[in-house]
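Subject: The structure I promised you

Hi,

Here is the structure we talked about, ready for you to open and turn around on your screen. Have a look at it first, and then read my notes underneath.

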Amino acid sequence: MAEKFDQAARDPFTPEARRIVVVSGGLSESASSAKLAKSLADATADGLANVGYVSEVEVVELRPLATAITEATLTMNRTPELDKAIKAVEQADGVIAVSPTFQASYSGLFKSFWDLFEDPLRSKPIMLGATGGSARHSLMIDFAMRPLFSYLRMDIMPFAVFAASDDFGDVVGKEEGTRTAPLQDRIERAGHSFAKVLLARPAIERADSEDGVLEVTPFEKMLNAWG
C-alpha cells in the first residue's frame with residue numbers, strides 16, 4: 001500500500017521537485033525496518049530542503065500488498081493498489097529500499113515485489129537499508145541486496161545503513177535509545193548524500209493524472225471559494 005507521509009505540492013510552480021519512493025519490506029507497522037525507512041526518507045528530504053528543493057515522499061509498505069504480490073507472481077495480474085506501487089517506483093527520481101534480514105538475506109516478500117518489474121529500472125538511483133538482530137547481519141546489504149538491484153540495472157549508492165536491534169535500544173539490559181545518536185548520524189549522512197545525488201540529475205518528467213494532464217485550479221476560482 002502506498003502512503004504519502006511527507007508530501008510537498010507538486011505543481012507548475014515547483015518543477016524541480018524530487019519524488020522519493022520508499023519501499024519497506026517490514027512485516028509489521030511497528031517493525032524496525034519501517035522506522036529505518038521513514039528516517040532515511042526524512043533525512044533525504046531534509047537534505048533537499050536545506051538547499052531549497054521541494055521533495056515528495058511516498059512510502060510503499062509491502063505487508064498490506066502481500067496477497068496481491070503473490071497473486072501477481074502466479075497470474076501476472078496486478079491489483080490497482082499493486083499497480084500503483086509499481087508505477088510509483090518506476091516514476092521516482094530516487095528509491096530507498098529497506099528490508100529486514102531473514103536467513104542472511106532479504107525477506108521473500110521483498111524479493112517477490114522486485115521480481116514483478118519486467119523492465120530494468122536502468123540507472124535509477126537507489127539507497128539501501130536493512131535491519132537485523134545484530135551487527136553480524138550487516139553484510140546482507142552487500143551480499144544479497146546489491147546483487148539484486150545490480151541485476152535491475154539500478155544505480156546503487158555506495159553508502160547504505162544497517163540498523164541492529166540495539167541501535168534502536170531494543171536489547172534487554174539497555175535503556176531505550178542508548179544508541180539512537182550514532183544511528184541517527186549515519187542516517188543523516190546517508191540521506192544528505194542521497195539528496196546530492198538526486199540534485200545532480202534532472203527531475204523525471206511524469207504525468208500527474210491518469211489522462212496525462214496536470215489539473216491546476218485557477219487562482220480566481222480559489223479566491224471565489226473563500227467567499
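Below is what I found, starting with the whole chain and then going into single places.

One thing to keep in mind: this is a predicted model. The protein chain has seven helices and six strands. If you walk along the sequence, they come in the pattern β-β-α-β-α-α-β-α-β-α-β-α-α. Of the 227 residues, 43% count as buried. The chain exposes about 12,300 Å², and carbon and sulfur atoms supply 52% of that. Also, take the contacts between residues with a separation of 6 or more: 81% of them join residues that are 24 or more positions apart.

Now for the inside. In soluble globular proteins, nonpolar side chains tend to be buried together. Here the largest nonpolar core has 38 residues, and the ones that touch the most other members are V23, F110, F113, W114 and F149. Which elements give two or more residues to this core? They are β2 (18-24), α2, α3, β4, α4, β5 (125-132), α5 (140-151) and β6. The largest share, six residues, comes from α5. Try clicking on F149: leaving out residues up to four places away in sequence, F149 touches A97, F110, W114, I126, L128, M154 and I156. There is also a second, separate core of 25 residues, with V22, A41, A43 and V57 among them.

Helix α2 is a nice one to practise on. Its residues run from 66 to 75, and the buried ones are A68, I69 and A72. Because these three cover an arc of only 100° around the axis, they sit on the same side of α2. What do they pack against? The buried residues of α2 pack against α3 (80-90) and α4. On the face turned away from the buried side you'll find the exposed residues T67 and L74. Just after α2, look at M76, which takes a positive phi of about 65°.

Then there are three single residues I'd like you to find.

The first stop is D167, in the loop between β6 (155-164) and α6 (180-199). Is D167 buried or exposed? With a relative accessible area of 5%, under the 20% cut-off, D167 counts as buried. A polar atom of the D167 side chain lies 2.8 Å from the backbone nitrogen of A164.

Next is Y151, which belongs to helix α5. Y151 has a relative accessibility of 63%, so it counts as exposed, the cut-off for that being over 50%. Y151 and P120 are 31 residues apart in sequence, but their C-alpha atoms are 7.9 Å apart in space.

The last stop is S105, in the loop between β4 (94-100) and α4 (108-114). If you set aside the neighbours within four places in sequence, S105 is in contact with P100, M140 and A144. Its C-alpha atom is separated by 9.7 Å from that of A130, with their positions 25 residues apart along the chain counted as the gap.

Have fun with it, and write back once you've had a look around!

Cheers

Technical notes
Residues are numbered from 1 along each chain as its sequence is written. This is a predicted model: local features need pLDDT of at least 70, side-chain atom pairs count only at pLDDT 80 or more; totals for chains, interfaces and linings use all residues. Side-chain values use heavy atoms; hydrogens and water are left out. Helices (H or I, at least four residues) and strands (E, at least two) are DSSP runs, numbered from the N terminus. Buried means under 20% relative accessible area, exposed over 50%, partly exposed in between (1.4 Å probe, protein chains only). A polar contact is a pair of N or O atoms within 3.5 Å; within protein, one must be able to donate a hydrogen and the other to accept it, and residues adjacent in sequence count only if both atoms are side-chain atoms. Contact means heavy atoms within 4.5 Å. The arc is that of the directions from the helix axis to the C-beta atoms. A nonpolar core is a set of buried Ala, Val, Leu, Ile, Met, Phe, Trp, Tyr and Cys residues joined through side-chain atoms within 4.5 Å. Accessible areas come from the Shrake-Rupley method with a 1.4 Å probe; for residues, only the protein chains shown count as cover.
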